[in-house]
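Here are my notes for you to read with the model open beside you. Take the points one by one and find each residue as you go.

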Amino acid sequence: LSRASFTKPENQIFRGGLRPTGLLLSRFSRLNAERFTNTGEMDLGAGAAIESGLLTNAVGALLEITPSDGNLETVVLADGLDNQGEMQVLDRGYIATLQNMSFQGSGSLEIVISAATLGTTRPRIGAQQTLFANGPLRVTAANGFLPAAGDGFRLFLTPATQGKWKTLTLPALAPGSVWDLSTLYTDGILRVVAEAEPDADQ
């Protein structure tokens, strides 16, 4: 299987440890396998779900989480995610797992933010168990979006986070604004705050 497009939910039950080199899942697709390993390029669209089986994004592979037709439904993984390659959560893309979500040092994570994903309520990535942070985290702004003081973005929602991102790359801000990372590991939230005024006595 080099690449596949799924459009009819009733035809989307697979079993037996698939190892696709490329896979495109469109809205409302459902997959069922003991273990699912992506070794090439995998695109999970809004409403897609892997109902059983751990999803592994292998070293050198690309996993993209994308919206579909402006839809903001979440991609759901029942048995967790092990990211060893490159993972991109594109603008208005959302993903959640009922188990652990693990990011290995060999892989990377990119999350695209925009005016459409502004807010601290809905997370871009959710794990009902533990999120294991490792490797580089890159946050990029879509279509010239320029975050300003007062903006907040909920990247993660999980009861527990272990580890830390090896590197953190953030987009440029409007003049007079700085990133506040104080709640990134506790609440999964990045905030933009006004830059502190210099002390007049110094």
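1. In which strand is T97 found? Look in β10, and you have T97. Keep in mind that this is a predicted model, not an experimental one. T97 comes out at 1% relative accessibility, so it counts as buried. Its side chain has company, too: a polar atom there lies 3.0 Å from the backbone nitrogen of G80.

2. Stay around β10 for a moment and step back into the loop that links β9 (86–89) with β10 (95–97), where you will find R92. The backbone is worth a look here, since R92 isn't a glycine and still has a positive phi, near 70°. As background, most residues other than glycine have a negative phi. R92 has a relative accessible area of 25%, so it falls in the partly exposed class.

3. N143 is another residue of this kind: its phi is near 50°, again positive in a residue other than glycine. You'll find N143 in the loop between β15 and β16. Is N143 buried or exposed? With 80% relative accessibility, N143 counts as exposed.

4. Now for charges. Side chains of opposite charge can pair when their charged atoms come close. How many salt bridges does the count come to? The answer is one. The partners are R138 and E110, with 3.0 Å between the closest N and O atoms. R138 sits in strand β15 (residues 136–141) and E110 in strand β12 (residues 108–113), so the pair ties together parts that lie 28 residues apart in sequence. Check the surroundings of both ends as well: R138 is partly exposed at 29% relative accessibility, whereas E110 counts as buried at 11%.

5. Next, have a look at a small sheet. Three strands make up an open sheet in the order β16-β21-β20, and their pairing is antiparallel. Why do β16 and β20 each have one side without a neighbour in the sheet? β16 (152–154) and β20 (177–180) stand at the edges with a single partner strand each, so one side of each is left free of a neighbour there. On average, neighbouring strands in this sheet are turned by 20° against each other, if you ignore direction.

6. Zoom in on one pairing of that sheet. β16 and β21 (residues 189–194) run antiparallel and are joined by three bridges. If you want one to find on screen, start from G152: its bridge partner in β21 is R191.

7. On to the aromatic rings. A pair of rings is described by the distance of the centres and the angle of the planes. Searching the whole structure turns up four aromatic pairs. One of them is F145 with F153, an edge-to-face pair with 6.1 Å from centre to centre and 80° between the planes. Both F145 and F153 are buried. Elsewhere, ring pairs link F103, F156 and W165 into a cluster.

8. Finally, rings can have a charged side chain over them, and there are two cases to look up. R122 lies over the face of Y94, 3.8 Å from the ring centre. K164 lies over the face of Y185, and here the distance to the ring centre is 5.5 Å.

Conventions: Residues are numbered from 1 along each chain as its sequence is written. Side-chain values use heavy atoms; hydrogens and water are left out. Two strands pair if DSSP finds at least two bridges between them. Helices (H or I, at least four residues) and strands (E, at least two) are DSSP runs, numbered from the N terminus. Axes are lines fitted to C-alpha atoms, for helices over the stretch in contact, and angles run from 0 to 180 degrees between N-to-C directions. A salt bridge is a side-chain nitrogen of Lys or Arg within 4 Å of a carboxyl oxygen of Asp or Glu. Buried means under 20% relative accessible area, exposed over 50%, partly exposed in between (1.4 Å probe, protein chains only). Rings of Phe, Tyr and Trp (its six-membered ring) pair if their centres lie within 6.5 Å; planes under 30 degrees apart count as stacked, over 60 as edge-to-face and the rest as tilted. A charge sits over a ring if NZ of Lys or CZ of Arg is within 6 Å of the ring centre and within 35 degrees of the ring normal. A polar contact is a pair of N or O atoms within 3.5 Å; within protein, one must be able to donate a hydrogen and the other to accept it, and residues adjacent in sequence count only if both atoms are side-chain atoms.
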